[in-house]
Amino acid sequence: MSVAPALEATYGEKIKARREHIKMDREAFAKALGMTADQVDSLEGGSADITLDQLTAIANTLGTSIAELTPDFVSDLDEGVCYQLPEDNPVIKGERAGTNYYTYNCLVRTRTMPKLVPLLLEVNVDDPEKAAFNAGHDAHEIIFCMEGDIHLKWGDSENPREVTLPQGSSFYIAPGVPHTLTTTKGSGPGKVISVNF
Ligand SMILES: [Fe+2]
């Protein structure tokens, strides 16, 4: 994995900018937080560690949210492009019902589009009777069937909708819809490309 670029600013800089934006002086800010002016200086100068509880109290004092006090990331794109070599693809085992159900090969991602999560998914179970449902997820999902005969089940796990989709098929799953993939019975493992967004 490549090294993550630094943040665009420090928390201290963001806090100071917000304090000045609302015209609160350093002494009033220190008093509201039960700190000394020197402690505020080191906080805003970026030399003090801040806990999440402290950041919450600071956000409340400054009438804003933690999100607004969090520095933006530097883009990880090089002239609009980022890439990932095969040896850098993180591989995650997706156990379900005690079996090695899926293997997730995580493809390139960019922090400029954090909801966009592409995967090469290995479907390891070749028996629709052994399908193990998820509970659905927040993301929209598009899947392309790359290898093998994929068997999709979705909806109510007790009374599911289901379809067999040969290589070259593709499908969309809406957020919150429980679903699961196997391959057809005895056909061996399959592979799909899954794009979550
Ligand atoms: Fe999914």
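Where in the chain does Glu79 lie? In this predicted model, Glu79 is found in the loop between helix H5 (66-69) and S1, and the legends below take this residue up again after the overall layout and the sheets.

**View 1. The two domains of the chain.** The chain is divided into two parts, domain 1 covering residues 11-69 and domain 2 covering residues 86-196. When their centres are taken over C-alpha atoms, 45 Å separate domain 1 and domain 2.

**View 2. The open sheet of six strands.** Following the sheet from one edge to the other, the strands come in the order S1-S2-S3-S9-S4-S7, and their pairing is antiparallel. Strand S1 (91-96) and strand S7 (170-173) stand at the edges with a single partner strand each, so one side of each is left without a neighbour in the sheet. On average, neighbouring strands of this sheet are turned by 25 degrees against each other, with direction ignored.

**View 3. The pairing of S3 with S9.** Within the six-stranded sheet, strand S3 (residues 117-123) and strand S9 (residues 190-196) run antiparallel and are joined by seven bridges. A reader who wishes to follow one of these pairings can start from Leu119, whose bridge partner in S9 is Ser194. Strands of a sheet pair through backbone hydrogen bonds, in either a parallel or an antiparallel manner.

**View 4. The open sheet of three strands.** A further open sheet has the order S6-S5-S8, again with antiparallel pairing. Its edge strands are strand S6 (161-165) and strand S8 (179-183), each of which pairs on one side only. Neighbouring strands of this sheet are turned by 20 degrees against each other on average, direction ignored.

**View 5. The pairing of S5 with S6.** Strand S5 (residues 150-154) runs antiparallel to S6, and five bridges join the two strands. Trp154 stands opposite Arg161 in S6, and this pair can serve as a landmark for the view.

**View 6. Two loop residues with positive phi.** Most residues other than glycine have a negative phi. Lys23, however, has a phi near 65 degrees, a positive value, and its place is in the loop between helix H1 (11-21) and helix H2 (26-33). Because Lys23 has 7 C-beta neighbours inside 10 Å, where 12 or fewer make a residue exposed, Lys23 counts as exposed. The phi of Glu79 is also positive, near 50 degrees, and Glu79 lies in the loop between helix H5 (66-69) and S1. With 4 C-beta neighbours inside 10 Å, Glu79 therefore counts as exposed as well.

Notes: Residues are numbered from 1 along each chain as its sequence is written. This is a predicted model: local features need pLDDT of at least 70, side-chain atom pairs count only at pLDDT 80 or more; totals for chains, interfaces and linings use all residues. Two strands pair if DSSP finds at least two bridges between them. Helices (H or I, at least four residues) and strands (E, at least two) are DSSP runs, numbered from the N terminus. Axes are lines fitted to C-alpha atoms, for helices over the stretch in contact, and angles run from 0 to 180 degrees between N-to-C directions. Domain bounds come from an automatic or database domain assignment. A residue is buried if 20 or more other C-beta atoms lie within 10 Å of its own, exposed if 12 or fewer, and partly exposed in between; C-beta atoms are placed from the backbone.
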